[in-house]
Amino acid sequence: MVDAHVSRRTLLAAGLAIPAVPGHRGTTYRWRNVEMVGGGFVPGIVFNQTEPGLVYARTDIGGAYRWHARQRRWVPMLDWVGWDQWGYTGVVSLATDAVDPDRVYLAVGTYTNDWDLNNGAILRSRDRGATWKVSPLPFKLGGNMPGRGMGERLAVDPNRNDILYLGVRGGHGLWRSTDRGVTWARVASFPNPGNYVLDPSDASGYSSDNQGVLWVTFDPRTGSRRRPTRTIYVGVADKENILYRSTDAGATWERVPGQPTGYLPHKGVLDHAGGFLYIATSDTAGPYDGGKGDVWRLDTATGEWARISPVPSTSGDNTFGYSGLTIDRQHPDTIMVATQISWWPDVVFFRSTDRGATWTRAWDFAGYPNRTNRYDIDISESPWLTWNATPPLPEQTPKLGWMTESVEIDPFDSNHLLYGTGATIYGTDNLTDWDTGGTVHISVRARGLEEVAVLDLISPPSGAHLLSAVGDIGGFVHHDFRNPGRMHANPTISSTTSIDLAELAPGVIARVGNGNAPRFGISTDGGTTWTPAATEPAGTTGGGTVAVGADGTRIVWAPAGGEVAWSADAGATWTASAGVPADARVESDRADAAVFYAYAAGVFYRSADGGATFAATAATGLPAEGTVRFKAVPGAAGDVWLAGGEEGGVYGLWRSTDGGASFTRLSSVEEADAVGFGKAARGRSYPSVFITAQVRGVRGIFRSDDAGKRWVRVNDDRHQYAWTGAAITGDPRVFGRVYLATNGRGIVYGDPVG
């Protein structure tokens, strides 16, 4: 396999100078996050074993991060990933080199089915993630697939660091590199590629994939600087054959005798001092489920196995498996393990100081439903972690965790622990107080790590600068961007799909989303307070899109599963709109309060009576396939821009100045996926136009200050953020500022330098 270097376009742009579209002058932008602080699943946290303070985190769709100790925040390492290789932001596994701590490796690829068209790759860095080289693989990897919390699948030999191993799903087995990850070959002698499949009947391929080889653990005592490690343990997704061992540096392999069966080995951690291998098992691959499991200890010197489960699978009290597993390297008789999974009332962490002979819990019942906790939690960095809820005991908010598949004690500091959840990273600096009856102080440690999929954005002309619609955590009102903002409440919608404001009365804002009803909320004070809708359009199953008329008196909602409907009483009642298909996307005119627009399957619709009736316009040549997003221009009645389509078909950017009766394609834009508007340039009256698009062969984020005659690229090759097609908008109060929705890196915004 050849070694492929990332091109200059995708990695090596120097400084912040932005290459403009050929023939046009560039500009310079500074890019930062609108901070929410966390937001997504962190399945892996990895400490370097020889350099104190060097720690990395991987996410399932949002790339990988390195901890910056002085700034106390995570530094993103994959913002250079471009549109065509968006799957590289799904990180299957991460390995940091104990021999040369400057080296770090990532196994990347988001899906193994046809959702991701590209194969996976190994990314290699010699400067702790500042720059990367790419080694393509001949198969796909699945950073966002079932079982993504198991591992680590990627490992560097702690003695001969030119040797790496990679466990692969999909029946591809175990792979090895002998040249620091440049080239890879299958280990032909490895006998078992795994056989566990979550759901063989899943036609999408998402749950019907063999989960394969799960983790690789070296015994560093069996090698030296000039000799590769001879004893290697490998966990496999095969409930009857979970563990294999090589004692000749990977030349031959054997099934480890006496091993337990019946469950999947989520984690395997070796005590380098005592020679004990600990394995945490569960009946499913997770991360969302797990109902039975055990913890095992293997004495590698004698071959003796011992079940050391805090609650064994044979007990009626065992309603969970086990996953997050760690050893205190300073005191290796001390181990910890987490439940996989205990949604209600909470995750349980177990801690043992005698190699699993006895255990204590992070919390206990004190006369049901009361709890006694060994910890407290400070969520001031992310106050939204209460989810606007006060659940009844024994559930508490914030939760100790969920999906806690990575629980890691710092190898150089017994008091320092980090662990990932489905929404953040928590940590503590006084862990050993657990053992003396003290209170372990846990706090959010996710600053800098922004891992959410953003679905819609609005920037009002007054009040808060930004309101967002976000997957899984609802969305926020941001007055400034260095703090998490205020999570939308009343209703708290799990995934907000669309948000809109009244252009001439911007305090009126509506949002809709997925989850249980109510799925609609309206605000009349710019998002400070909200009121849920009392009813929904008939058949509603999800959010869809929502549009607020220019003066705020009418709302049109096109929900998932239901009919397009309008309301003149802030959502108290809904009336079906006539003449528009149920799956249409809706928007409002930003100047004429009576006018609404809709789009479906290549047909543009217009309503002149507040959404009561729609009629198809005569516009032709628009994309009938793919995703289409469109917006009307503030202050200009009938001025509409439309972006969308799909590769290989009709795909581009169009403008109408007659309310959608006709559209003209902008020839310089080959592909476009979202369009938005910001403050006009000095001396101009027309708003700046922002697009996420391909212009004259270059993919990026573009701005036009002259209604699309000329475009300038405003992002650079180090700030591409993978897939950015969901939403884009300018700020009507700050010239040049652009807000960009990403699929896993949160909201990023750019300001012109100077």
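**Strand pairing, cores and salt bridges**

Ala600 stands opposite Val603, a residue of strand β47. The model described here is predicted. Ala600 belongs to β46, where its side chain points the same way as those of Phe596 and Ala598. Tyr597 and Tyr599 point the other way. Residues on both faces of β46 are buried. Strand β46 spans residues 596–600, and five of its five residues are buried, so the strand is largely enclosed by the rest of the structure.

Strand β46 has pairing on record with two strands, β45 and β47. Strand β45 covers residues 585–588 and runs antiparallel to β46, with four bridges between them. Within this pairing, Glu587 faces Tyr597 of β46. Strand β47, residues 603–607, also pairs with β46 in the antiparallel sense, here over five bridges. Two residues separate β46 from β47 in their hairpin. One residue there, Ala601, takes a positive phi near 50°.

The nonpolar interior was examined next. The largest nonpolar core holds 63 residues. Phe349 and Leu400 have the most contacts inside this core. Strand β23, residues 335–340, gives the most to the core, with four residues. A second, separate core has 19 residues, among them Leu54, Tyr56, Val81 and Trp132. In soluble globular proteins, nonpolar side chains tend to be buried together. The surroundings of Leu400 were then listed, leaving aside neighbours within four places in sequence. Leu400 is in contact with the aromatic residues Phe349, Trp363, Tyr375, Tyr419 and Tyr426. Further contacts of Leu400 are Val347, Ala362, Ile377 and Ile442, together with Asp346 and Thr421.

A nonpolar patch also lies on the surface. Tyr288, Trp343, Trp344, Phe365 and Tyr368 make up this patch, with an area of about 630 Å². Phe365 sits in strand β26, residues 363–365. Its relative accessible area is 42%, so Phe365 ranks as partly exposed.

Tyr196 lies in the loop between β13 (185–186) and β14 (213–218). Its relative accessibility is 12%, and Tyr196 therefore counts as buried. Not counting residues up to four places away in sequence, Tyr196 touches Asp209, Asn210 and Gln211, among others. Its contacts also include Ala237, Lys239 and Leu264, as well as Asp283, Thr284 and Ala285. Ala57 is 139 residues from Tyr196 in sequence, and their C-alpha atoms are 26 Å apart.

Strand β14 is part of an open sheet of four strands, with the order β14-β15-β16-β17 and antiparallel pairing. Strands β14 and β17 (254–255) stand at the edges with a single partner strand each, so one side of each has no neighbour in the sheet. Five bridges join β14 to β15 (residues 232–236), again in the antiparallel sense. Val213 has Val236 of β15 as its bridge partner.

Salt bridges were then surveyed, and the structure holds 33 of them. Glu35 pairs with Arg73, the closest N and O atoms being 2.8 Å apart. Glu35 lies in the loop between β1 (29–34) and β2 (44–47), and Arg73 in strand β5 (residues 73–76), so named parts of the chain 38 residues apart are linked. At a relative accessible area of 1%, Glu35 is buried. Arg73 is partly exposed, at 24% relative accessibility. Both residues belong to a network of salt bridges that also takes in Glu381, Arg447 and Arg482.

Asp209, a contact of Tyr196, forms a salt bridge with Arg169, with closest N and O atoms 2.8 Å apart. Asp209 is in the loop between β13 and β14, while Arg169 is in the loop between β11 (164–168) and β12 (173–177), so the pair ties together parts 40 residues apart in sequence. Both partners count as buried, Asp209 at 13% relative accessibility and Arg169 at 4%.

A further salt bridge joins Glu503 to Arg590, with closest N and O atoms 3.2 Å apart. Glu503 lies in the loop between β37 (495–501) and β38 (509–514). Arg590 lies in the loop between β45 and β46. The two residues are 87 residues apart, and the pair links distant parts of the chain. Glu503 has a relative accessible area of 19% and is buried, the cut-off being under 20%. Arg590 is buried as well, at 7% relative accessibility.

Key
Residues are numbered from 1 along each chain as its sequence is written. This is a predicted model: local features need pLDDT of at least 70, side-chain atom pairs count only at pLDDT 80 or more; totals for chains, interfaces and linings use all residues. Side-chain values use heavy atoms; hydrogens and water are left out. A nonpolar core is a set of buried Ala, Val, Leu, Ile, Met, Phe, Trp, Tyr and Cys residues joined through side-chain atoms within 4.5 Å. Buried means under 20% relative accessible area, exposed over 50%, partly exposed in between (1.4 Å probe, protein chains only). Contact means heavy atoms within 4.5 Å. Two strands pair if DSSP finds at least two bridges between them. Patches are made of residues with over 30% relative accessible area and no salt bridge: like charges are joined within 9 Å, nonpolar side chains (Val, Leu, Ile, Met, Phe, Trp, Tyr) within 5 Å. Accessible areas come from the Shrake-Rupley method with a 1.4 Å probe; for residues, only the protein chains shown count as cover. A salt bridge is a side-chain nitrogen of Lys or Arg within 4 Å of a carboxyl oxygen of Asp or Glu.
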